[in-house]
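Welcome to a short guided tour. Open your viewer, show the chain as a cartoon, and keep the selection box at hand.

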Amino acid sequence: MAIVPAAVAVTYKVGDASQWASGVDYTDWAAGKTFRVEFKYGPTHSVDVVNKAGYDGCDDSSATENHSDGDTKIDLKTVGPKYFICPTPNTWSHCLGGMKLAITVVASPSSPPTPDSPPSDGIHEADSGSTTPPPPP
């Protein structure tokens with residue numbers, strides 16, 4: 001599952017040139033990306049937002065969102081895992097064939113990391129909190 005910072009979002013076309021289609025490894029595709037997801041797909045596909053059980057079992061019965069417009073954009077506004085499947089049944093299920101995507105949206109750090117100590121420039125800090133140059137040689 002990919003880990004995604006919530007505050008730094010970019011729109012990706014799911015699957016890039018392969019789009020939302022059978023035979024694409026979406027786990028590899030998602031690795032290292034931050035997200036606003038955009039699904040582009042043909043009339044034989046759709047996108048459902050499901051829970052983990054729906055993702056694991058390719059079951060859309062508890063889907064929280066259903067999309068079938070061929071160009072679905074979903075903003076990832078909350079932290080936590082997100083699961084997407086293609087619920088299209090066929091002689092075999094699109095989801096069971098790998099047409100599913102799991103990502104994790106993580107919170108951005110609240111403050112930037114503290115920089116390392118600055119290099120010494122020969123100025124000493126006295127007990128009073130003032131700075132004084134080093135004593136003459």
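Helices (H or I, at least four residues) and strands (E, at least two) are DSSP runs, numbered from the N terminus. With those names in hand, your opening selection can be His94, found in the loop between β7 and β8.

Before going further, two notes on how to read this tour. This is a predicted model, in which local features need pLDDT of at least 70 and side-chain atom pairs count only at pLDDT 80 or more, while totals for chains, interfaces and linings use all residues. Residues are numbered from 1 along each chain as its sequence is written, and side-chain values use heavy atoms, with hydrogens and water left out.

**Stop one: His94 and its neighbours**

Keep His94 selected and show its side chain. Is this residue buried or exposed? His94 counts as buried, because its relative accessibility is 5%; buried means under 20% relative accessible area, exposed means over 50%, and partly exposed lies in between (1.4 Å probe, protein chains only). Now add Ser22, Thr44, His45, Cys86, Thr88 and Met99: His94 touches these residues, leaving aside those up to four places away in sequence. A contact here means heavy atoms within 4.5 Å.

**Stop two: the whole chain**

Zoom out and colour by secondary structure. The protein has two helices and 10 strands. Following the chain from the N terminus, you meet the elements in the order β-β-α-β-β-α-β-β-β-β-β-β. Of the 137 residues in the protein, 33% are buried. Take the contacts between residues at least 6 apart in sequence: 67% of them join residues at least 24 apart. If you switch on the surface, its accessible area comes to about 8400 Å², with 55% belonging to carbon and sulfur atoms; the areas come from the Shrake-Rupley method with a 1.4 Å probe, and for residues, only the protein chains shown count as cover.

**Stop three: strand β3 and its partners**

Select residues 36–40, which make up strand β3. Which strand pairs with β3 in the parallel sense? That partner is β2, joined to β3 over three bridges; two strands pair if DSSP finds at least two bridges between them. Show Tyr12 and you will see it opposite Val37 in β3. Next, add residues 71–74, strand β6, which runs antiparallel to β3 and is joined to it by four bridges. Here Phe39 stands opposite Thr72 in β6.

**Stop four: an aromatic cluster**

Leave Phe39 on screen and add Trp20, Tyr26 and Phe84: together the four form one aromatic cluster. The structure holds four aromatic pairs, where rings of Phe, Tyr and Trp (its six-membered ring) pair if their centres lie within 6.5 Å; planes under 30 degrees apart count as stacked, over 60 as edge-to-face and the rest as tilted. In one of these pairs, Trp20 and Tyr26, the ring centres are 5.0 Å apart and the planes meet at 50 degrees, so this pair is tilted. Both Trp20 and Tyr26 are buried. Trp20 also pairs with Phe39, with centres 5.0 Å apart and planes at 80 degrees, so that pair is edge-to-face. This second pair links distant parts of the chain, with Trp20 in the loop between β2 and α1 and Phe39 in strand β3, 19 residues apart. Phe39 has a relative accessible area of 0%.

**Stop five: the cysteines**

Select Cys58 and Cys95, whose sulfur atoms are 2.1 Å apart in a disulfide, meaning a pair of cysteine sulfur atoms within 2.5 Å. The torsion about their S-S bond is about -70 degrees, so the disulfide is left-handed. It links distant parts of the chain: Cys58 is in the loop between α2 and β5, and Cys95 is in the loop between β7 and β8, 37 residues apart. Both Cys58 and Cys95 are buried. Add Cys86, which is in no disulfide; the nearest cysteine sulfur, that of Cys95, is 8.0 Å away.

**Last stop: two backbone turns of note**

Most residues other than glycine have a negative phi. Cys58, however, has a positive phi near 50 degrees. Finish at Gln19, where phi is also positive, about 55 degrees. Gln19 sits in the loop between β2 (11–13) and α1 (26–30), and it counts as partly exposed at 35% relative accessibility.
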